[in-house]
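Work through the following exercises with the sequence and the coordinates open beside you. Each task is followed by a solution that goes step by step.

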Amino acid sequence: MQISGTTRLVGLLADPIAQVRTPQAFNALFAERGLDAVTVGLHAAAEGLAEAWRGLARLGNLAGFVVSIPHKLDAARLCDALGPRARLAGTVNAVRREPDGRLVGETFDGEGFVTGLRAEGFDPAGARVLLAGAGGAAASIAFALAAARAGSIDIVNRSPARAKDLAGRIAAACPRLAVKASATGRPGADLVVNATSLGLSPGDGLPFDAALIGPGSWVAEALIAPMPTALAHAAAARGARHIDGRPMLNGQLMPLLGHILPDHFA
Ligand SMILES: NC(=O)c1ccc[n+]([C@@H]2O[C@H](COP(=O)([O-])OP(=O)(O)OC[C@H]3O[C@@H](n4cnc5c(N)ncnc54)[C@H](OP(=O)(O)O)[C@@H]3O)[C@@H](O)[C@H]2O)c1
């Protein structure tokens, strides 16, 4: 890869950032396609995010950036315009910089999650879902599962108020779906989802009681590494099928790049 004055910059905005895989994956793809573009990590903490954001809007060679942990909800507030899914879910994981400096956000986590699930052989239509998390990825996943006609969604989260808020927004958008925030979750889910950050750090526990995982259920995690997580062990012990976050990442790669670099990936 030759970086020159014409090279377009694609960022990956996160904190922490050492664990991210996106720059490696994007740069390999750009090299394969002979694109004059490079992806680098942009390490910005929450307290300096608004300032960093204003700077990004002023960078003329910036094509856009991926938004990762923990900035997806703030990103939805900071964007100048939002795509339809980001408007609904209130979360953004991809931002395109327009030539005039406007930053346009959309979310692809949910679409990637559902595409990945289907690729692995699970159709969420009619499924009873237990979803752990109410952050950026969880909100996008919840709305995508609702669009995929999941049968019901129970949301558990460390901060119950955020679970309640997310459940309320989904209920307002999809009045026929049985969705509720739950303190502990109910047993009997067909699909159990970990969309929290739990599992990223060594020694992290489970986002819910392992007894909620049934032998025939599927357990899907958003996080990719480090594997195996405590939840992967719990799923194996209870005879459930476990998938990590790679199908979710693969499922959103092309639509996300199509948003940031529409000339090359639309
Ligand atoms: N595979 C993929 O393509 C993909 C894409 C996006 C994200 N992810 C993964 O999804 C996960 C969430 O990312 P995000 O962007 O949604 O982050 P986020 O917006 O910061 O949300 C984090 C969520 O995790 C919860 N949480 C954080 N620390 C916790 C703890 N110690 N105990 C219990 N719950 C905790 C938070 O609960 P509170 O509301 O209480 O803070 C919140 O629900 C990360 O592991 C990320 O790597 C994967």
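**Exercise 1.** Determine where Arg 149 is placed, what is particular about its backbone, and whether it counts as buried or exposed.

*Solution.* Start with the secondary structure, in which helices (H or I, at least four residues) and strands (E, at least two) are DSSP runs numbered from the N terminus. On this basis Arg 149 falls in the loop between α6 (136-147) and β8 (152-156). Next take the backbone: Arg 149 is not a glycine, and yet its phi is positive, at about 65°. Finally, apply the accessibility classes, where buried means under 20% relative accessible area, exposed over 50% and partly exposed in between (1.4 Å probe, protein chains only). Arg 149 counts as exposed because its relative accessibility is 64%.

The model is predicted, and for that reason local features need pLDDT of at least 70 and side-chain atom pairs count only at pLDDT 80 or more, whereas totals for chains, interfaces and linings use all residues. Residues are numbered from 1 along each chain as its sequence is written, and side-chain values use heavy atoms, with hydrogens and water left out.

**Exercise 2.** Locate the prolines that follow the cis peptide bonds from Ile 69 and from Ala 225.

*Solution.* The bond from Ile 69 leads to Pro 70, with omega near 0°, and Pro 70 sits in the loop between β3 (62-67) and α3 (72-78). The bond from Ala 225 leads to Pro 226, again cis with omega of about 0°, and Pro 226 belongs to the loop between β11 (218-221) and α8 (230-237).

**Exercise 3.** Describe the surroundings of Ala 132 and of Phe 265, taking contact to mean heavy atoms within 4.5 Å.

*Solution.* Ala 132 is part of strand β7 (residues 128-132), and it is buried because its relative accessible area is 1%. Leaving aside residues up to four places away in sequence, Ala 132 touches Val 156, Val 193, Asn 194, Ala 195, Thr 196, Pro 207 and Phe 208. From Ala 132 to Pro 247 the separation is 115 residues in sequence and 18 Å in space, C-alpha to C-alpha.

Phe 265 is part of helix α10 (residues 262-265), and it counts as buried because its relative accessibility is 9%. With residues up to four places away in sequence again not counted, the partners of Phe 265 include Leu 29, Phe 30, Arg 33 and Leu 35, and also Met 254, Leu 257 and Gly 258. Phe 265 and Pro 175, by contrast, are 90 residues apart in sequence and 35 Å apart in space, C-alpha to C-alpha.

**Exercise 4.** Assemble the overall picture of the chain, including how it is divided into domains.

*Solution.* Begin by noting that the chain holds 10 helices and 12 strands. Its radius of gyration, taken over C-alpha atoms, is 18 Å, close to the 18 Å from the globule rule (2.2 Å times the number of residues to the power 0.38) for 266 residues, so the chain is as compact as a globular protein of that length. Of those 266 residues, 51% count as buried.

Then turn to the division, whose bounds come from an automatic or database domain assignment: domain 1 covers 8-107 and domain 2 covers 110-248. Their centres, taken over C-alpha atoms, are separated by 25 Å, and the contact takes 10 residues from domain 1 and 14 residues from domain 2.

Methods
Contact = heavy atoms within 4.5 Å.
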